[in-house]
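Biologist: I have a protein model to look at with you today. Shall we go through it together, one question at a time?

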Amino acid sequence: MKLPKLAIDNYQFVVILIILGAFVGINSFLSMPRSEDPSPDFPFYTVIAVYPGTSPEDIEELVVDPIEEAIEEVDNIKKIQTKIEDGLAIISIEGYFGYDIDDQFDEIQTEINNVRSKLPADLFSLDIEQFDPTTGVNIQQLALVSANVPYNQLNDYAEDLENMLKTIGGLYDVKIEGEPEEQIRISVDFQKMAHQHISLNQVIGILKGNNNNIPGGDVKSGIKSFNIKSSGGYKNIREIANTVISSGNGKIVYLKDIATVSHDYEDLRWKAAYLGKRSIFLSLTQKDGENIVALAEEINNKLEEFRTQLPENIQLVSSFEQAPAVQARISSFFINLLQGVLLVGAIILIFLGFRPALIIMTVIPLSISMAIGALDFSGFGLQQISIAALVIALGLLVDNGIVVIENIVRYQKLGYAFKDAAYLGTQEVGYAIISSTVTTLLAFFPLVMMESGPGEFLRSLPVAVILVLSFSLLLALTFTPIFAGKFLKVGKPGKISPMDNAINWVIKKVYRPALNFSLRKPWIVISMATMIFLGSLMLFPSIGVSFFPTADKPMLLIEVDTPDGTNIDGTQKAVHFVSGILDTTDFVKDYTANAGHGNPNIYYNRIGENYKKNHGQILVNFTEWNPEEFYKTLAFFRKEFSKYPGAKISFSELKNGPPFEAPIEIKVIGNDLDTLARLARMVEQIIEQTPGTENIENPLAVHKTDLKMDINREKAGLIGLPIQDIDLSVRASLAGLTIDEVSLEDGEKYPMVIRMPFTKANASIADFNKVYFATQQGAQVPLKQVVNVRYESAVNEIQHFNTLRNTAVTADVLNPEATSAITEVIIAQLDKVNLPTGYQFYIGGEYETQQESFGDLGKLLLIAMIGIFAVLVLQFRSIRQPLIVFSAIPLAITGSFVALYLSGWSFSFFAFVGFISLVGIVVNNSIILVDYTNQQMEKGMSLLRALKTSTEVRFTPILLTTTTTILGLLPLTASTSGLWSPLGWTIIGGMISSTFLTLFIVPILFKWFTSPKVVYKEIA
């Protein structure tokens, strides 16, 4: 190998390049984006259609079916899931990973725009959104709080603050939420209209026509040109009220004669509060690639400035802020990294002495800084995944340096000159450390290719580890021999340090006799190892399987769901009940309450409900993250919330990982709603009977009651009353009908809404008696003469799955780590159900995502093992010796399972990732052992002497590299993090068992496979 010699001969140039790389990394560290979690690109899209006053069946036919047919034309769509409720349809679209999400979003928009003409003209809104965890999740939520200031004044202050914050370059958007929309309300008197023989269509047509703003063009006069200014639209309320609606018999009927025109607010659809006081929210999102910590400081400076402008009866508070959690999480990981560095440094110092330890310890910051620079250029930021990857790589990156330094020291002790010892020591192990590093990289590289939600979430981990190990290998072959040759000094040849004496004593008194026994009685050792391996496999059912852990955040989202058909006031009462309990809980810092709408998004995989009268959500902030107090408080909440009879009040902790509907989700797919309801009830009963489930939700469990308008078509035809006029009048009178948008002289745009004046806050059944029509003959006809109003049972919700009707029964679990086991119990019961023809069960929720992800990881594990095996075949030019090296893998499984069992962690997604990583790590010791044995045999040693020599010579570096890997991971593993502790224990347990057994199993297998007939002769 020429690289070490080339580096030594050109050390000035190499040192300059290393310093340059370190400087680039430091600069990247100071400027690169920071966040708590990764910002993965999820191919998730949402279509929200709002059509107030329509039933689920009507929206399904008029809106959903045409849109779903259009979406089916888009390529690479995995799922289309739709929820249809009164006046609302939400279509969730999931594409396949691995494609450009922006191109796919554009294609979805194009296909939906192509069918807009087929949708109802009075559809209130149709929004198409692309999910973005950076720009779609708030970094801060502000609340303007006042108990008595009118909404319009609060909104004015909110707009002033919005304009101030929008001057901050790092913010993507500032959105005002929770405020009722101002409108120009035209409260028509249907009886007066009928008396004047005026129809609703006539009023709508005249108002829309008068509001048109048609440019008049220009006209030439001589050498000048004049623009013609047309009448334009309405400029103020007075103009609207003075609109001429009808004239005849010398009498003019103005709009003000049959209606009242006023500024008003829409009916409250979202009631927002902070600590029980009426509020308006401002939601802040950041641009992609921004440093959230620096951005938050700039935001808070602006807020302090704005607070000085507020009157005493308005309070500005921050009800949610992500930056402190990000700063704390990043600081915690860097503390773990520093602790790992100190532990690794201490063990290297003890084993190798001060100068060797100093050289190796210098490699750590150099490798990490270079990797951070490359990570920045790769488009990744600093967040818990990428920083944890640096901690994982810490124990591995020193392995190459340790092997090189230890070998250089050995050559110096043999009497070689410093420069010669540096070159020869590095050259001898060069190919071995390249091979061992490549095998480790091959274990991580397949994780980069994982095309799924968990893969997107995880991607920065394998990238960071690959970069760190690549730079550490480069430094081990260049930097380490350069500085070892110039600064490494050892005692006189033959002089042995106290640590060397201790290690030699262990080798001679403990290891050598044990190895002799193993080679003399190999079947005993192999049998014991096999029994231990099989015993560890028997532990797996007790270990259990889970997916992603909880997020360990001092926050909680509480869901409040009242019976279908409940208005927003009924939901508000339930929300007030929850607020009363929160007010008396000392562990609660503050809370934000919402009725009729979910809280603005504050976590990347928890998306709140849009406008829904019978739903509320409360965001609770606790004083600190104290697991014992947190779970004690949750138990208290669960008990207290169950006492409220008029609503289902539930909650679940925030979890890491990709989003899904619920931990447990069983879909029943079929066409007939009655059959779906019957099967859904069976599923609900199965889930209820399964221990560990809670908050079971069956959308078809209870039907709601609607008012059915039966139009007497014959009578309407006899009096010349078009059916369309009846439907239009009913909708306009009660729900309100937006007919146009006006731009008034104050510069604002307002929707112009026609509706009936109400004596109470909302419409009631009695208001139907106020609806009159004017017939073509001039008669006044009340609504009740042509319409029979009656009560009718109706479905609460219709769902579609890939355009097919279905219903989904969902549930939470008391123990999130038991989700998989509980779901499998439910599946076993579902298998016993005899389904009608055309109906099927579909298992969704966490279980579906987990099965897909674990299946992907299994394929990646196979790819990694094949890749590693190919590298070993190339290195050893043999099939047998790679099989010897691979013996470390089952030995590692033993330790991993034992470590997970003893530590109490389940085999989670990240434990699986740790196991894949372990495959590439544990073979390194075997590679070094087999490679050195081959070198000794090439020098003429017999097989047994070569085995004994190589195991004793490599005993120290094997022991040291294993110890450094374990110590580097120990602080992160001991942090009791549900995300990282299972991964850490998987690697640590596997390293311990594989290292211990490798020192005995590999020599046995090498002896068996290398030479079938060898007469054993013990070497003294």
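Biologist: Which residues have the most contacts inside the largest nonpolar core?

Modeller: A nonpolar core is a set of buried Ala, Val, Leu, Ile, Met, Phe, Trp, Tyr and Cys residues joined through side-chain atoms within 4.5 Å. Buried means under 20% relative accessible area, exposed over 50%, and partly exposed in between, using a 1.4 Å probe and protein chains only. The largest such core has 187 residues, and those with the most contacts inside it are Leu 165, Leu 461, Phe 909, Phe 910 and Trp 980.

Biologist: Good start! What should I know about the model itself, and how are residues numbered?

Modeller: This is a predicted model, in which local features need pLDDT of at least 70, side-chain atom pairs count only at pLDDT 80 or more, and totals for chains, interfaces and linings use all residues. Side-chain values use heavy atoms, with hydrogens and water left out, and residues are numbered from 1 along each chain as its sequence is written.

Biologist: Which residues does Leu 461 touch, not counting residues up to four places away in sequence?

Modeller: Contact here means heavy atoms within 4.5 Å. By that rule, and with those sequence neighbours set aside, Leu 461 touches Ile 385, Ala 389, Ile 392, Phe 444, Phe 910 and Trp 980.

Biologist: Now to helix α19, residues 522-537. Why are its buried residues on the same side?

Modeller: Helices (H or I, at least four residues) are DSSP runs, numbered from the N terminus. The buried residues of α19 are Pro 522, Val 525, Ile 526, Ala 529 and Ser 536. They are on the same side of α19 because they cover an arc, taken from the directions from the helix axis to the C-beta atoms, of only 95 degrees.

Biologist: And which exposed residues does the face turned away carry?

Modeller: What covers the buried residues of α19 includes α18 (498-520), α20 (540-543), α30 (888-903) and α34 (981-1010). The face turned away from that buried side carries the exposed residues Trp 523 and Met 531.

Biologist: Is Ser 579 buried or exposed?

Modeller: Ser 579 is found in helix α21, residues 568-583. Leaving aside neighbours within four places in sequence, Ser 579 is in contact with Tyr 591 and Ala 593. Its relative accessible area is 5%, so Ser 579 is buried.

Key. Helix = DSSP H or I, 4+ residues; strand = E, 2+ residues; numbered from the N terminus. Expected span 1.5 Å × (residues − 1).
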